[in-house]
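Work through the exercises below with the sequence and coordinates open. Each task is followed by its solution in steps.

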Amino acid sequence: MTLTLTRCTYAYGLRARPILENLTYTVPDGLTVLLGPNGAGKTTLLRLAAGVTRPRHGSVELDGSDSQHKAYRAAVAWMPQQITAMAGLTAREQVAYTGWLKGMNKRDAWDAAARALARVDLTDRADTKTKQLSGGQLRRVGVASALVHSARVLLLDEPTADMDPHQRRVFRDTLTSLTGDVRVLLSTHDIADLAEESQHVAVLHSGHLTYTGTTTDFLALAPADAAPGRVAEAAYTALGIHPARDWPQQQ
Ligand SMILES: Nc1ncnc2c1ncn2[C@@H]1O[C@H](COP(=O)(O)OP(=O)(O)OP(=O)(O)O)[C@@H](O)[C@H]1O
């Protein structure tokens with residue numbers, strides 16, 4: 001399963017300045033962390049990859065299948081930055097509904113929703129209306145919705161925002177428990193997401209990917225005297241993106 005964006009350009013509006021310009025990127029194996037300052041275009045890139053919006057120029061394909069194709073939608077899961085609590089639905093119903101939209105039958109979606117909620121440690125709120133959940137709980141519903149139909153590529157937009165430290169741990173355990181050839185691309189402002197389980201890093205700045213490579217190679221960009229615990233930040237700085245101005249706030 002190879003998801004590739006090829007020479008993609010995107011602008012919000014016909015005369016607007018492009019947010020992404022001539023961007024080519026293949027989502028690597030395993031977990032990739034997408035970094036970049038506020039407004040760099042991370043959400044825009046994830047939306048293109050998810051097929052919820054189309055590039056003005058260029059193509060987005062999964063093994064040759066266009067992002068608007070049914071097979072593409074079935075293989076790719078997207079967790080948006082803002083999770084909408086659907087009026088009247090419980091957590092389990094909302095997750096099951098996502099599975100059904102992705103092509104599962106109702107029975108399978110209902111069963112898979114319970115499993116997905118268990119993976120994000122939300123079984124005890126399965127029957128709670130999503131409108132009554134906290135921000136962190138609603139985000140876990142978003143993660144469960146991305147997991148429900150066993151997609152091969154997961155695109156997660158700031159999945160750990162609003163989560164408390166225990167839930168971040170649960171989320172990381174969930175990522176490491178994904179089996180088979182599942183590729184995950186997640187944007188984050190939490191530097192801890194980078195240090196632990198990720199295999200690859202991509203850094204987006206001013207509409208261009210200014211770094212793509214392994215996490216090990218990325219961390220090696222940091223000067224040898226970087227303070228322990230600040231190596232990733234020092235590596236980011238070495239790319240010419242200054243934390244004081246651009247590094248997103250830790251959650
Ligand atoms: N609907 C929209 N209409 C017009 N401009 C938009 C829209 N959505 C985003 N933008 C602009 O596109 C640029 C990239 O936004 P995007 O949300 O992709 O960045 P980001 O890297 O995800 O930012 P953040 O880290 O703050 O979430 C920003 O300048 C933003 O203001």
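Helices (H or I, at least four residues) and strands (E, at least two) are DSSP runs, numbered from the N terminus. The model is predicted.

**Exercise 1.** Count the helices and strands of the protein chain, then judge its compactness from the radius of gyration.

Solution. The protein chain holds 10 helices and 10 strands. Its radius of gyration is 18 Å, and the globule rule gives 18 Å for 251 residues, so the chain is as compact as a globular protein of that length. The C-alpha trace spans about 55 × 40 × 35 Å along the principal axes. Of the 251 residues, 41% count as buried. Among contacts with a separation of 6 or more, 67% come from residues 24 or more positions apart.

**Exercise 2.** Describe the packing of helix H3 against helix H5.

Solution. Two packed helices are described by the angle between their axes and the distance between the axes. H3 covers residues 91-101 and H5 residues 135-147; their axes come within 8 Å and cross at roughly 35°. The crossing is right-handed. On the H3 side the contact uses Ala-91, Gln-94, Val-95 and Thr-98, and on the H5 side Val-141, Ala-144 and Ser-145. By class, these contact residues are four nonpolar, three polar and no charged.

**Exercise 3.** Which residues surround the ligand, and how do they divide by class?

Solution. List the shell: Tyr-12, Ile-19, Gly-36, Asn-38, Gly-39, Ala-40, Gly-41, Lys-42, Thr-43 and Thr-44. Then sort by class, with Gly counted as polar: the shell around the ligand has three nonpolar, six polar and one charged residues.

How values were computed
Residues numbered from 1 in each chain as written. Predicted model: local features only at pLDDT ≥ 70, side-chain atom pairs only at ≥ 80, totals over all residues. Near = placed C-beta within 6 Å. Rg over C-alpha atoms; globule rule 2.2 N^0.38 Å. Buried ≥ 20, exposed ≤ 12 C-beta atoms within 10 Å, placed from the backbone. Contact = placed C-beta atoms within 7 Å. Axes fitted to C-alpha atoms, helices over the stretch in contact; angles between N-to-C directions. Left-handed = near helix turned anticlockwise from the far one by under 90°.
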